[in-house]
Amino acid sequence: MNICNLTAAVTALANTIACGLKTEEISMLSSLLVQLGDTLATIAAQRTLCQAQEKE
């Protein structure tokens, strides 16, 4: 999937989800997904660091 298709799909998904939720629910879901993304990024960074240290 190219980047244009990916961003269009994410936008369509966000619009679909938002249509069924109240503003407060959208805000809460957004916060949870941001936290999820940040946690996954932290895990990936930690794995990268550990792998680099193992090679030394």
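**Exercise 1. Find which residue caps the N-terminal end of H1, and state how far H1 reaches.**

Solution. In this predicted model, asparagine 2 caps the N-terminal end of H1, since a side-chain oxygen of asparagine 2 lies 3.0 Å from the backbone nitrogen of cysteine 4. Turning next to the helix itself, H1 covers residues 3–19, which amounts to 17 residues. From its first C-alpha to its last, H1 reaches 24 Å, and this is close to the 24 Å expected at 1.5 Å a residue.

**Exercise 2. Decide whether isoleucine 26 is buried, partly exposed or exposed, and do the same for valine 34.**

Solution. Begin with the cut-offs: a residue is buried under 20% relative accessible area and exposed over 50%, with partly exposed in between. Isoleucine 26, which has its place in helix H2, shows 32% relative accessibility and therefore counts as partly exposed. Valine 34 is also found in helix H2, which spans residues 23–55; its relative accessible area is 48%, so valine 34 is partly exposed. As a further step along the chain, the C-alpha atoms of valine 34 and glutamine 46, which are twelve residues apart, are separated by 18 Å.

**Exercise 3. Identify the residues that make the nonpolar surface patch, and say which element gives the most to it.**

Solution. The patch, of about 730 Å², is made by Leu13, Ile17, Leu21, Ile26, Leu29, Leu33, Leu36, Leu40 and Ile43. The elements that give two or more residues to this patch are H1 and H2. Of the elements, H2 gives the most, with six residues.

Definitions and conventions:
Residues are numbered from 1 along each chain as its sequence is written. This is a predicted model: local features need pLDDT of at least 70, side-chain atom pairs count only at pLDDT 80 or more; totals for chains, interfaces and linings use all residues. Side-chain values use heavy atoms; hydrogens and water are left out. Helices (H or I, at least four residues) and strands (E, at least two) are DSSP runs, numbered from the N terminus. Buried means under 20% relative accessible area, exposed over 50%, partly exposed in between (1.4 Å probe, protein chains only). The expected span of a helix is 1.5 Å times one less than its number of residues. A polar contact is a pair of N or O atoms within 3.5 Å; within protein, one must be able to donate a hydrogen and the other to accept it, and residues adjacent in sequence count only if both atoms are side-chain atoms. Patches are made of residues with over 30% relative accessible area and no salt bridge: like charges are joined within 9 Å, nonpolar side chains (Val, Leu, Ile, Met, Phe, Trp, Tyr) within 5 Å. Accessible areas come from the Shrake-Rupley method with a 1.4 Å probe; for residues, only the protein chains shown count as cover. A salt bridge is a side-chain nitrogen of Lys or Arg within 4 Å of a carboxyl oxygen of Asp or Glu.
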